[in-house]
Amino acid sequence: MYNKTLNAIFLFLVLLISCNTPSSYKVKGKLKNSSGEYLYLKELAIADVINVDSVKVKEDGSFVLKGKNTKPAFYSLSISKNNYITLVIYPGDKIYIEADAKDLRKDYKIEGSDESAWVKELTENLNVAIRQVDSIGKVYQDSLGSPHILELKHRLDSLFDLTEKRQIDYTREFIKKHEGSLVTVMALYQQITPRRALLSPMLHYDLFKRVDSVMMLRYPDADAVKSLHSLISNITEEQIKQAELEKRTAIGAKAPEIALPSFDGNVITLSSLRGKYVLLNFWASWNNESRILNKSLVGIYWRYKNAGFDIYQVSLDKNRDAWLTAISSDGLAWHNVTDFKMWDSPIVPLYGIKNIPFSVLIDKEGKIIAKGNDIEIIKNKLFEIFKY
């Protein structure tokens, strides 16, 4: 029994030491259209890019690059800053690549590294989405000044949302299919435009957390995995809720549904006003700023009422008589609803209401097009829409 225990400990120590012993890997291949360029292999570490090896491509286009590592990592194989491909290299890998020296990413072939091939698949799919987004942007820029720009923008926004959703759905399936692979970490950080990440650590927390959990069990020492784990560890529940709120009530988002009773007891839904431009306003009879704003809202309502405009007002009142008296006194001829729960109403966190009055302008399709405490923003948007 004693000898068996010693053997087990010895085996564990051997495995532990072997895991920390650098192992050689090799990247070789052949480039067409080569003219003696230098090829560089660099490790993409957390806070640095580490030069591993470089070589001048031979006259026949062949090359060999070598290095050592103890853990899988991302690498860049490049000729220049904008001419590169990304690889995932594990200890002991023997990778063979065929590519075009003028554009390494164009139709390159790779053998000996499944994950590097998956990087290629992921990148090519993302590039399709990026080209679609670029086309949408070009149509918008070419149409600036058109009398129908608002209608066109709505359609283009819908196309963008659809393109983004498709890429997110693809990414979820990609991560599920290749769970446990380092490439899944890369999939979390795609950018559909230079300033817009496809996924958010807070909005898509479940996906980030799943990848983090799996990869920390498999490759806890990999730089990319440690970086992801640090990110996830620093996200709080409050940050997740705030991110969800911002997305839910962002410009271009569908206004969350509201279904509350009016003064006669009949439930009126916000969506029942679809087909009109709707001003959603949060107020209360006891709030002085709300009562002052009501005077402006009366003017706005009668100005645009016959042009396809309506108001849906949600009161944070608790006293029915005070609410009804304010409606009558202020001359509020539009839809007014409440659940008499004041700040405990579920509508408050749904729209993230911190102060009243607060307004949200919604278009005919139910999308948010303006919001805030400043009524001048709403007035300017309505003038832009109705031209008077």
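**Exercise 1. Work out how helix 2 and helix 3 are oriented to each other.**

Solution. Let's start with the result: helix 2 and helix 3 are roughly antiparallel to each other. Keep in mind that you're looking at a predicted model.

Step 1: find the two helices. Helix 2 covers residues 114-142 and helix 3 covers residues 149-177.

Step 2: look at the geometry. Their axes come within 9 Å and cross at roughly 175°. Angles over 145 degrees count as roughly antiparallel, so that's the label for this pair.

Step 3: see who does the touching. On the helix 2 side, the residues include Trp-118, Leu-122, Leu-126, Ala-129, Val-133 and Tyr-140. On the helix 3 side, they include Ile-149, Leu-156, Phe-160, Tyr-170 and Phe-174.

Step 4: sort the contact residues by class. You get 15 nonpolar, four polar and two charged.

**Exercise 2. Helix 8 packs against helix 9; describe the angle, the crossing and the contact.**

Solution. Step 1: the helices are residues 288-304 (helix 8) and residues 320-330 (helix 9). Their axes are 10 Å apart, and the packing angle is about 45°.

Step 2: that angle makes helix 8 oblique to helix 9.

Step 3: now the handedness. The crossing of helix 8 past helix 9 is right-handed.

Step 4: list the residues that meet. Helix 8 brings Arg-291, Asn-294 and Val-298, while helix 9 brings Ala-326, Ser-329 and Asp-330. By class, that's two nonpolar, two polar and two charged.

**Exercise 3. Zoom in on Asn-294: is it buried or exposed, and what does it touch?**

Solution. Step 1: Asn-294 sits in helix 8. Its relative accessible area is 0%, so it is buried.

Step 2: check the contacts, skipping neighbours within four places in sequence. Asn-294 is in contact with Trp-283, Gln-313, Asp-330, Leu-332 and Trp-334.

Step 3: pick out the polar contacts. The side chains of Asn-294 and Gln-313 are joined by one of 3.0 Å. Another, of 2.9 Å, runs between the side chains of Asp-330 and Asn-294.

Step 4: follow that second one across to Asp-330, which belongs to helix 9. Once residues within four places are set aside, Asp-330 is in contact with Arg-291, Asn-294 and Val-298.

**Exercise 4. Helix 8 also packs with helix 11; find which residues make that contact.**

Solution. Step 1: helix 11 is residues 375-386, and its axis lies 12 Å from that of helix 8, at an angle of about 5°.

Step 2: with angles under 35 degrees counting as roughly parallel, helix 8 and helix 11 are therefore roughly parallel to each other.

Step 3: name the residues. From helix 8 come Leu-293, Ser-296, Leu-297, Ile-300 and Tyr-304, and from helix 11 come Ile-375, Lys-379, Leu-382, Phe-383 and Phe-386.

Step 4: sort them. Eight are nonpolar, one is polar and one is charged.

**Exercise 5. Look for backbone oddities at Phe-340, Met-342 and Pro-357.**

Solution. Step 1: take Phe-340, in the loop between strand 15 (335-337) and helix 10. Its phi is positive, about 60°, although it is not a glycine. With a relative accessible area of 25%, Phe-340 is partly exposed.

Step 2: Met-342 is also found in the loop between strand 15 and helix 10. Its phi is positive too, about 50°, and Met-342 is not a glycine either. At 25% relative accessibility, Met-342 is partly exposed.

Step 3: head past helix 10 (347-351) to the loop that leads to strand 16 (358-362), where you'll find Pro-357. The peptide bond joining Ile-356 and Pro-357 is cis, with omega about 5°.

**Exercise 6. Find the contacts of Pro-201 and Ile-240.**

Solution. Step 1: Pro-201 lies in the loop between strand 10 (196-197) and helix 5 (205-218). Not counting residues up to four places away, Pro-201 touches Phe-208, Leu-231 and Ile-235.

Step 2: Ile-240 lies in helix 7 (residues 237-248) and is buried, with a relative accessible area of 14%. Leaving aside neighbours within four places, Ile-240 is in contact with Met-202, Tyr-205 and Ile-235.

Step 3: check a separation along the chain. Ile-240 and His-204 are 36 residues apart, yet their C-alpha atoms are separated by 8.9 Å.

Conventions
Residues are numbered from 1 along each chain as its sequence is written. This is a predicted model: local features need pLDDT of at least 70, side-chain atom pairs count only at pLDDT 80 or more; totals for chains, interfaces and linings use all residues. Side-chain values use heavy atoms; hydrogens and water are left out. Axes are lines fitted to C-alpha atoms, for helices over the stretch in contact, and angles run from 0 to 180 degrees between N-to-C directions. Helices (H or I, at least four residues) and strands (E, at least two) are DSSP runs, numbered from the N terminus. Angles under 35 degrees count as roughly parallel, over 145 as roughly antiparallel, 65 to 115 as roughly perpendicular and the rest as oblique. A crossing is left-handed if the near helix is turned anticlockwise from the far one by less than a right angle, and right-handed if clockwise. Contact means heavy atoms within 4.5 Å. Ala, Val, Leu, Ile, Met, Phe, Trp, Tyr, Cys and Pro count as nonpolar, Asp, Glu, Lys and Arg as charged, and the others, Gly among them, as polar. Buried means under 20% relative accessible area, exposed over 50%, partly exposed in between (1.4 Å probe, protein chains only). A polar contact is a pair of N or O atoms within 3.5 Å; within protein, one must be able to donate a hydrogen and the other to accept it, and residues adjacent in sequence count only if both atoms are side-chain atoms.
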